[in-house]
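This briefing covers aromatic contacts and nonpolar surface in the structure shown below.

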Amino acid sequence: MPHYLFIAGTLLFTLYGQLIIKARAGVLASNESGHAGSYLLRMLLDPLVISGFAAAGLAALCWMLAVRSLPVAHAYPFMALSFVLVPGGAVLFLGETINAMQAVGLVLIVAGVAINTVFR
């Protein structure tokens, strides 16, 4: 059971990192004068962006702990849920939208993970 908590940690830290970097990119890009170098420097020095990178590191640590006790063939399909959670989080927290075809794709991803879990 703890290995599933590590998978959940991997997904949650990944979700946070992706959403916070996207949110900060929008804020910092609105103050942009057009120079990619200055934008990247501001991104790299932003405390919330740094927390997003830290979350990516924590996600990697959780992943290492998850695959210590699970076969990769079983654990890795759960990582596909990040392709569902991140867009869902972007809709909820960033006001983004997804179209009908994207929604169908997200449902298919969830179905694929469910099938892999049930019939392993």
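Is Tyr-76 buried or exposed? Tyr-76 is exposed, with a relative accessible area of 53%; buried denotes under 20%, exposed over 50%, and partly exposed the range in between, with a 1.4 Å probe and protein chains only. The model is predicted: local features require pLDDT of at least 70 and side-chain atom pairs pLDDT 80 or more, while totals for chains, interfaces and linings use all residues. Residues are numbered from 1 along each chain as its sequence is written, and side-chain values use heavy atoms, without hydrogens and water.

**Aromatic pairs**

- A search of the whole structure yields two aromatic pairs (ring centres of Phe, Tyr or the six-membered ring of Trp within 6.5 Å; planes under 30 degrees apart are stacked, over 60 edge-to-face, the rest tilted).
- The ring centres of Tyr-4 and Phe-78 are 5.9 Å apart with planes at 75°, so this pair is edge-to-face.
- This pair joins distant parts of the chain, Tyr-4 in helix H1 (residues 2–30) and Phe-78 in helix H4 (residues 72–79), 74 residues apart; helices are DSSP runs (H or I) of at least four residues, numbered from the N terminus.
- Tyr-4 is partly exposed at 27% relative accessibility, whereas Phe-78 is buried at 13%.
- Trp-63 and Tyr-76 also form an edge-to-face pair, because their planes stand at 75°, with ring centres 5.9 Å apart.
- Trp-63 belongs to helix H3 (residues 47–69) and Tyr-76 to helix H4, 13 residues apart.

**Nonpolar surface**

- Helix H2 (residues 36–45) contains Leu-41.

Technical notes
Helix = DSSP H or I, 4+ residues; strand = E, 2+ residues; numbered from the N terminus.
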